[in-house]
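Here are my notes for when you open this one up. Keep the viewer beside you and click along as you read.

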Amino acid sequence: MILTLKSDSKKQDIDKLTAKIKELGFTPHISRGAVRLIIGVIGEGEHKYKEVFESFDIVESATPIVKPYKLVSREFKKEDSIIDVNGVKIGGPRVVVMAGPCSVDTKENLFACARAVQRAGAHFLRGGAFKPRTSPYSFQGHGVTALKYLAEARKLTSLPVVTEVMDTRQVEVVARYADILQVGARNSQNFDLLKEIGQCKKPVMLKRGMANTIEEWLMSAEYIVSKGNRNVILCERGIRTFEPSTRFTIDLNAIPVIKHLTHLPILVDPSHGVGVRDYIPPIALAAIAAGADGVMVEVHPKPTEALSDGMQALLPVMFDKMMEDIRKVAEAVGKTL
Ligand code: PEP
Ligand code: MN
């Protein structure tokens, strides 16, 4: 339920209303709309209390939110959310690019990669420290050592760092080193992890599960936001289809659908979605053309030395060219890089 308050509402009356919301067992989420104060009353069965809320003088209107996700819906917030990460804005008129290796291997490779993507104009450095691998025998990531390397690479380049957190027990340490916590496709319905991350202050990039509908994905985002962390960035990374020529199938349809249904920004990760180096740049451009707020891609200076996903790592020279093309496409759709 969205309660829109009259513009001259006084603090003591707002306090009385929020006390009533809590007394009924709901959580009030206060947000400042373009002109009015809005209170989201979130919980189960809140629509039954429409008349109770309307009986408060300061309530101008009480409108039920029809969708199962509430706080992340456009119904709750009309304006696009812009997530500010160390001064870099995600979701505004500038498209953002996150780039770096799939997993952090050596310090030398990471630093070379960080310098290369920064020179080409990337805004964020990505790199896996804790890796979700299909096989238990595959490289699992260098863990905290990798987080430390990423923090050093940030110092070197000033690029904020994005890295994955796989488990509730890792949230604290990853949040200490990273600027954005990534929730991977395989964990996008790990509800305990989502709740834990929701209590953390760091922005979160939530990937779409490879077999999740858009509605399920938005319900996962709702888990994070309902715990108090509003800084969620969505990332389409491909879904499982019958087509074996590429690793997954990027659902470009999701971009306009997401823009319609939610105020949260959306990035696209063509590296995991496509999985074949040469096919990645065209899909990155298509994502920007379709209205994505940015892309995330894997880059490695020596892909044969990569400990994961070497086949889909762009060489720095390919990344340079992709960035030039992204600039042109961004301008063509009224944005900048
Ligand atoms: C990644 O970005 O490193 C990753 C593992 O991606 P996904 O969760 O989309 O497979
Ligand atoms: Mn990868």
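1. Let's begin with what sits over helix α7. Its buried residues are covered by a set of elements that includes β2 (27-32), α6 (191-198), β11 (204-207), β12 (232-236), α8 (254-261) and β13 (266-268). Keep in mind throughout that this is a predicted model.

2. Which residues of α7 are buried? They are Ile214, Trp217, Leu218, Ser220, Ala221, Glu222, Ile224 and Val225. You can also check the helix with a ruler: α7 (residues 214-226) has 13 residues, which at 1.5 Å a residue should span 18 Å, and its end C-alpha atoms are indeed 18 Å apart. Just after α7 comes Gly228, with a positive phi near 115 degrees.

3. Now pick out Glu215, which also belongs to helix α7. Glu215 counts as partly exposed, at 42% relative accessibility. If you ignore its neighbours within four places in sequence, Glu215 is in contact with Pro68 and Tyr69. Try Lys67 as well: Glu215 and Lys67 are 148 residues apart in sequence, yet their C-alpha atoms are 9.1 Å apart in space.

4. Next, the metal. Which residues give the protein donors of the manganese ion (ligand 2)? Look for Cys102 (SG), His272 (NE2), Glu298 (OE) and Asp309 (OD), which lie 2.0 to 2.3 Å from the ion. Written along the chain, the donors have the spacing C-x169-H-x25-E-x10-D. Cys102 is in the loop between β7 (96-100) and α3 (107-119), while His272 is in helix α9 (residues 270-274), so this pair ties together parts that are 170 residues apart in sequence.

5. Are those two donors buried or exposed? Cys102 counts as buried at 5% relative accessibility, and His272 is buried too, with a relative accessible area of 9%. The cut-off to have in mind here is that buried means under 20%.

6. Turn to the start of the chain, where you can trace an open sheet. The sheet has four strands in the order β2-β3-β1-β4, and their pairing is antiparallel. The edges are taken by β2 and β4 (59-63), each with a single partner strand, so one side of each has no neighbour in the sheet. On average, neighbouring strands of this sheet are turned by 20 degrees against each other, direction ignored.

7. For a closer look at one pairing, take β1 (residues 2-5) and β3 (residues 37-42). These two strands run antiparallel and are joined by three bridges. Leu3 has Ile39 in β3 as its bridge partner. Helix α1 (residues 11-23) lies across β1, β2, β3 and β4, and runs at about 10 degrees to β3.

8. Two backbone angles deserve a click. Most residues other than glycine have a negative phi. Asn86 is not a glycine, but has a positive phi of about 45 degrees. Asn86 is in the loop between β5 (83-85) and β6 (88-90), and is exposed, with a relative accessible area of 55%. Ser158, not a glycine either, has a positive phi of about 65 degrees. You'll find Ser158 in the loop between α4 (144-157) and β9 (161-164), where it counts as exposed at 61% relative accessibility.

9. Finally, zoom out. The domain assignment gives domain 1 (2-63) and domain 2 (83-332). How many Å separate their centres? Taken over C-alpha atoms, the centres of domain 1 and domain 2 are 37 Å apart.

Conventions:
Residues are numbered from 1 along each chain as its sequence is written. Chains are lettered from A and ligands numbered from 1 in the order in which they are written. This is a predicted model: local features need pLDDT of at least 70, side-chain atom pairs count only at pLDDT 80 or more; totals for chains, interfaces and linings use all residues. Side-chain values use heavy atoms; hydrogens and water are left out. Donors are N, O and S atoms within 2.8 Å of the metal (3.2 Å for Na, K and Ca); water is not among the atoms, so sites may look incomplete. Buried means under 20% relative accessible area, exposed over 50%, partly exposed in between (1.4 Å probe, protein chains only). The expected span of a helix is 1.5 Å times one less than its number of residues. Contact means heavy atoms within 4.5 Å. Two strands pair if DSSP finds at least two bridges between them. Axes are lines fitted to C-alpha atoms, for helices over the stretch in contact, and angles run from 0 to 180 degrees between N-to-C directions. Domain bounds come from an automatic or database domain assignment.
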